[in-house]
Amino acid sequence: MSELIPSFDWQRVMIDPWTLDLSLYGWIFLMGFCATAACGLVGNYLILRRMALMGDAVSHSVLPGLVIAFLLTDSRGTTPMFLGALVAGILTTVLVESIHRRTRVKQDAAIGIAFTTLFAIGVLLVSLFSNQIDLDAECVLYGEIAFVPLEPLVTLGGVELGPISLVRMVAVLLGVAVLILVFYKELLIASFDEALAKAMRINPTWVHYGLMAVLSVVVVSAFEAVGAILVIAMLILPGATASLLTDRLGVMHFIAIGHAAISAWLGVGLGVWLDCSIGAAMVVGGAFVFGVVWMGTLLTKLKRQRSKPQQSGATVSAPASVS
Amino acid sequence: MKTVRQQVLRRSLLGIIGFALTASLASAASVSEVAPTEWTDQLGRFFSFRDPSLRYALVGSILLGLSCGLLGSFIVVRRMALVGDALSHAVLPGVALGFLWNMTKDPVAIFIGAIIAGLAGTSMVSALIKTTRLKADTALGLVLASFFAVGMCLLSMIQNLPTGNKSGLNAFLFGQVAALGADDIQLMGIVTGIAVLLVVLFYKELLTTSFDAGFARVSGIPAEWVHHGLMLVLAAAIVIALQAVGVVLVSAMLITPAAAAYLLTDRLHRMLMLASIFGVLAGVTGAFFSFVGRGLPTGPLMVIGASIVFAAAYFFGPRHGVLARWWRQRQSASRTERENTLKALYHVWENDGYRDVGVTLRGLAERRRETLDEALRRSEELQHHGLATINRDTVYFTPEGRQRATEIVRNHRLWELYLTNTANIAPDHVHEDAEKIEHILGESVVRELERRLNYATEDPHGKPIPGPRDIHVGPVVELGRGDK
């Protein structure tokens with residue numbers, strides 16, 4: 001076991017990444033932060049709308065879209081990547097709807113069938129054409145965030161901006177933030193009160209498909225860094241943590257962003273310490289933060305119950321309604 | 001998987017160095033990588049069944065298809081499809097820890113580790129749902145991804161270890177039936193046997209708790225225990241399927257064959273049978289193509305096989321298939337349309353005092369506010385089905401048509417009266433509802449309606465409600481005229 005878990009060296013784990021190796025870990029931290037923040041912002045709405053598992057589905061099914069776009073255009077450019085992801089994301093949504101609306105198969109099974117099929121096609125394509133596209137099946141699962149600093153830097157007007165996937169991720173994060181600011185009212189109403197949304201002529205179907213489209217773009221831009229399955233964690237963990245802490249949607253956004261920063265920081269530390277995949281380590285860090293918050297809420301609940309034992313006892317023993 | 005890249009590299013090397021390298025490749029994850037054979041050779045090898053690892057692969061995929069199809073049926077009918085997904089991801093840290101136990105791919109250690117991790121995952125989901133306001137979907141996704149991340153961390157740490165026999169560990173991600181060994185098959189056989197036995201023994205309990213929780217409670221079946229038992233067997237089935245299908249896609253082997261079977265039958269035992277057959281079919285297809293395709297990951301191929309079966313059931317299922325449903329809807333839409341034409345003809349006929357001379361196309365068109373062409377098309381449709389005859393510009397009921405028309409009008413007016421009298425709905429609000437129900441009221445319901453309305457003869461708008469005599473013999477006035 002001792003060779004599995006190296007000793008914790010404060011200097012190597014906590015100081016060096018942010019001083020000596022800042023040019024390396026700085027980019028990794030920023031990439032992790034931007035990916036988690038963008039996913040977390042979209043994820044808030046998935047959690048509110050009880051569509052967390054659509055996030056699961058879309059994060060898997062963008063893979064064939066990505067691979068086919070790369071194969072068709074013979075490049076790894078941003079536009080084909082986003083287009084492929086969009087088509088795949090919308091296709092998943094349509095498939096899920098057409099299975100559970102038209103047959104007796106329930107929505108959860110429909111999601112399970114649709115995304116596994118698309119993901120299987122994606123993995124197969126990756127294995128078949130692995131010599132033509134620069135993706136391998138391992139990267140699909142847990143990404144290659146450690147390779148972000150090795151990418152060529154993008155320069156704009158003589159200023160070096162950063163590695164290409166980071167620049168893309170920042171642009172997506174800003175885009176998501178702008179979209180949320182512009183459509184805040186629509187999203188809020190459509191997520192909480194469909195009847196009111198209809199009365200106000202907000203089409204819930206359009207909101208649904210719009211959210212799915214944004215989700216696929218966010219997922220695909222985070223995909224390369226953290227892979228398909230860890231994307232789900234980044235979609236759900238920040239929002240879940242936030243919804244334990246607040247009732248207000250506006251506040252949820254800020255908590256999600258804070259969660260993203262902490263989990264990216266923890267991830268770098270954990271990854272350096274244990275010498276494991278940094279993307280996975282970021283998710284473990286995020287899960288750790290969630291666990292701490294969860295325990296905190298449990299403890300406060302317990303305290304409150306102890307201070308008012310009679311009241312809480314009365315509510316617990318309230319008889320269920322007799323039908 | 002790295003093996004994919006390595007495989008490409010290996011093949012190019014093989015061309016230069018030749019047989020010198022084959023010996024070192026003998027331990028590769030996939031048997032089919034051993035020699036660069038053509039796919040026709042592979043086909044020959046597949047059907048000769050001489051390869052021991054091929055036999056293992058086949059037996060393994062049959063066993064996993066069987067157990068996944070069987071247990072998947074229950075998670076599909078219990079609406080727990082994504083619990084299977086979460087469970088399959090949550091076992092990954094257990095797989096890694098089981099490997100660390102004695103630094104080798106020991107099936108039993110991995111099996112135990114994975115089961116513990118899986119059960120820890122599902123209990124964490126229940127704890128999250130109980131103690132926080134997070135909904136089931138969020139809790140499932142959260143546990144799934146967090147456990148998977150821990151597993152990924154452990155796996156990447158294991159890859160960096162200098163010691164241990166790590167080959168085949170990557171098969172847990174996307175599956176490789178060729179990596180199955182004799183001890184794996186033994187374990188799969190035991191687990192599948194236990195699963196089949198348990199399903200047979202507790203069939204009644206599983207059936208009741210899946211479909212009627214209330215009845216299960218009343219008959220004293222401990223639903224909680226059935227649920228936990230099912231979870232345990234499910235976790236075991238997932239773990240034995242992992243090596244062949246992979247963590248990511250094992251949920252598809254649970255859901256897809258069972259969902260296909262669900263579309264084809266209404267009876268649980270038949271569904272179990274079909275789902276197992278589909279599972280075996282998908283498993284063997286995946287193993288076959290993985291073998292012929294020389295080291296393609298097995299999991300995706302099996303899943304695509306299962307998805308093709310599902311697509312076939314989705315489109316061509318005789319009762320719940322989309323095509324059958326579309327055909328039935330078309331049939332019922334055209335029947336409704338014919339009956340509406342009949343009703344319009346009846347109304348014109350009634351307004352004319354049941355004159356025996358038939359209804360002009362013009363009268364029908366005016367009644368329905370349509371063009372003459374449309375009225376003609378409608379009447380021809382009736383003629384085609386033997387409900388009316390057209391003579392120049394006049395439409396005559398056949399006896400059968402007159403009877404159906406009278407029935408429809410009776411249904412409509414009875415229902416209107418019923419809604420006004422019994423449900424206290426204003427008379428001017430009942431027409432729309434009656435328009436829909438008139439086509440589907442059966443004879444027994446009509447008898448009951450008549451009885452409850454004391455065989456009333458007038459609807460809320462003052463129009464007569466045709467009785468049995470009007471339907472089977474014809475309106476009195478018409479008879480009188482016909483006698484003359």
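How far apart do the C-alpha centres of domain 2 and domain 3 of chain B lie? They're 57 Å apart. Okay, quick housekeeping before the rest. This is a predicted model, so local features need pLDDT of at least 70 and side-chain atom pairs count only at pLDDT 80 or more, while totals for chains, interfaces and linings use all residues. Residues are numbered from 1 along each chain as its sequence is written, and chains are lettered from A and ligands numbered from 1 in the order in which they are written.

So, chain B. The split is domain 1 (1-36), domain 2 (39-320) and domain 3 (328-483), with bounds from an automatic or database domain assignment. There are 24 helices and 3 strands; those are DSSP runs, H or I of at least four residues for helices, E of at least two for strands, numbered from the N terminus. Of the 484 residues in chain B, 45% are buried, meaning 20 or more other C-beta atoms lie within 10 Å of the residue's own, with C-beta placed from the backbone.

Now the helix I like, α17(B). With 30 residues at 1.5 Å each, it should span 44 Å, and its end C-alpha atoms sit 43 Å apart, which agrees. The expected span here is 1.5 Å times one less than the number of residues. Its buried residues include B:R338, B:Y346 and B:W349. The buried set packs against β1, α18 (361-368), α19 (372-384), β3 and α20 (399-422) of chain B; contact means C-beta atoms, placed from the backbone, within 7 Å. After α17(B) comes B:G353, with a positive phi near 75°.

Two of those partners are strands, β1 and β3, which brings us to the sheet. It's open, three strands in the order β1-β3-β2 in chain B, with antiparallel pairing. β1 (359-360) and β2 (388-391) of chain B are at the edges with a single partner strand each, so one side of each has no neighbour in the sheet. β2(B) pairs with β3 (residues 394-397) over 4 bridges, where pairing takes at least two DSSP bridges. One bridge joins B:A388 to B:F397.

Last bit: the contact between the chains. Chain B puts in 56 residues and chain A 55. Elements giving two or more residues on the chain B side include α1 (2-17), α14 (250-264) and α17 (322-351), but α8(B) gives the most, with 15 residues. That side divides into 37 nonpolar, 12 polar and 7 charged. For the classes, Ala, Val, Leu, Ile, Met, Phe, Trp, Tyr, Cys and Pro are nonpolar, Asp, Glu, Lys and Arg charged, and the others, Gly among them, polar.

Conventions: Two residues are in contact if their C-beta atoms, placed from the backbone, lie within 7 Å. A residue is buried if 20 or more other C-beta atoms lie within 10 Å of its own, exposed if 12 or fewer, and partly exposed in between; C-beta atoms are placed from the backbone.
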